[in-house]
Amino acid sequence: MPAAPNRRAVAVILLVPLIVTLSLWAFSWPAARIAPRELPVGVAGSAPAADQLQKAFEQREGAFEIHRYADAEAAREAIEDRVVYGAVVATGKGPQLLTASAASPVVAQLLTEAVKGSAPAGADVPVTDVVAAPKADPRGAALGASILPLALAGVAAGAMVTLMGLRGSRAALTLVGAAGLVGMAATAIAHSWLGVVTGDWWTEAGVIGLTVLAIASTVAGLAALLGTKGIGLGALLMVLLGNSFSGVTSAPELLPEPVGAIGQWLPPGAGGSLLRSAAFFDGAAASGAALILAAWAVVGLVAVLMGGRGKAGAEDAAAAPDHAREPALTG
């Protein structure tokens, strides 16, 4: 039996378990270690009642990042601006909890259980959902599930542009056009049909399109610089790490460190955060995620253009006649 097929067989036998192991690590480990880590929450009201509420949060060292506010109105504004996920307010009748299930249903439930659990036995803790998740998706399941298809769409677009031999400006324009159409198609499904996002239609389409473009251009750019193996590298980066580290189904602050932070610097995580801001918070706290996505898209498109020019020059040199490539004889 030839040596080359033997080596390929051994490579497959070893590679498949490695991929499965990495996939289980990337997807299962963060999900199994969900817990608050410097989760931004607010405490509102006057001392000493508000001080007691803050001490209750501080008992879980490293779990919460406390923001103090003068009253319930200031805490509500902070929630709407995505500064904190929720706030507990000290009132004359006892604590009152403000949440935002649109920011994260998981966090809203966690805060509700934490505040009610620390309240005196039999005490009633009113809960107000300041920015509620849409009725069509109260648990955020549909929004969380949308990130993987967008990542796959971006990888597919980058791979198809590469495998079809498109290069340079033609490849870049194709990626932009495909991402724009994906943005409109996905918004038509998520907004117009399912009703799981409720912001401005065209803003949501732009966010989704930019997310797909950031992923697609990165995959195509890696392929332009590294060859077809760049497609695999891009897919691993965007799907295996980007999707599993995105925190869209829970919150970045609930994932193990530094997974949550890494996920927000990758297009799937930044895209999910930006889509929440556009869909439910009128664009609050959107600038950071938008800049990250734009940076990935620009760098990817530049790599596509540079790779296309390099290949075109190499092909022109190879196609030139022999006498054009050889120096002229003199004397």
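This briefing describes the spaces, one charged contact and one surface patch in the structure shown above. The model is a predicted one, and every value below was computed from it. Its largest pocket encloses about 620 Å³ of space, whereas its largest cavity has a volume of about 40 Å³. A search of the whole structure turns up 1 salt bridge, and a nonpolar patch of about 460 Å² lies on the surface.

**The largest pocket**

- The largest pocket, with about 620 Å³ of space, is lined by 35 residues, of which Y85, P252, E253, Q264 and S273 are the closest to its centre.
- Helix 10 (259-264), helix 11 (267-280) and helix 12 (287-319) each supply at least two residues of this lining, and helix 11 gives the most, with 5 residues.
- When the lining residues of the largest pocket are sorted by class, 19 are nonpolar, 10 are polar and 6 are charged.

**The cavity**

- Rolling a probe the size of a water molecule over the atoms shows where empty space is left.
- The structure holds 1 cavity of 30 Å³ or more, and the volume of the largest cavity is about 40 Å³.
- The residues that line the largest cavity are S101, A102, P105, A133, P134, D137, G140, L143, V196, R276 and F280.
- By class, the lining of the largest cavity is made up of 7 nonpolar, 2 polar and 2 charged residues.

**The salt bridge**

- The side chains of R68 and D51 meet in a salt bridge, with a distance of 3.0 Å from N to O.
- Because R68 belongs to strand 2 (residues 64-69) and D51 to helix 2 (residues 49-58), the pair ties together parts that are 17 residues apart in sequence.
- R68 is partly exposed, having a relative accessible area of 37%, and D51 is also partly exposed, with a relative accessible area of 30%.

**The nonpolar surface patch**

- L15, L18, I19, L22 and W25 make a nonpolar surface patch of about 460 Å².
- One of these residues, L22, has its place in helix 1 (residues 3-32).
- L22 has a relative accessibility of 36%, so this residue counts as partly exposed, and the cut-off for joining a patch is a relative accessible area of over 30%.

Definitions and conventions:
Residues are numbered from 1 along each chain as its sequence is written. This is a predicted model: local features need pLDDT of at least 70, side-chain atom pairs count only at pLDDT 80 or more; totals for chains, interfaces and linings use all residues. Side-chain values use heavy atoms; hydrogens and water are left out. Patches are made of residues with over 30% relative accessible area and no salt bridge: like charges are joined within 9 Å, nonpolar side chains (Val, Leu, Ile, Met, Phe, Trp, Tyr) within 5 Å. Accessible areas come from the Shrake-Rupley method with a 1.4 Å probe; for residues, only the protein chains shown count as cover. A salt bridge is a side-chain nitrogen of Lys or Arg within 4 Å of a carboxyl oxygen of Asp or Glu. Helices (H or I, at least four residues) and strands (E, at least two) are DSSP runs, numbered from the N terminus. Buried means under 20% relative accessible area, exposed over 50%, partly exposed in between (1.4 Å probe, protein chains only). On a 1 Å grid over the protein atoms alone, a cavity is a set of points where a 1.4 Å probe fits but cannot get out, and a pocket is an open set with protein on both sides within 12 Å along at least five of seven lines; lining residues have an atom within 4 Å of a point. Grid points are joined across faces, edges and corners, and a volume is the space filled by probe spheres set on the points. Ala, Val, Leu, Ile, Met, Phe, Trp, Tyr, Cys and Pro count as nonpolar, Asp, Glu, Lys and Arg as charged, and the others, Gly among them, as polar.
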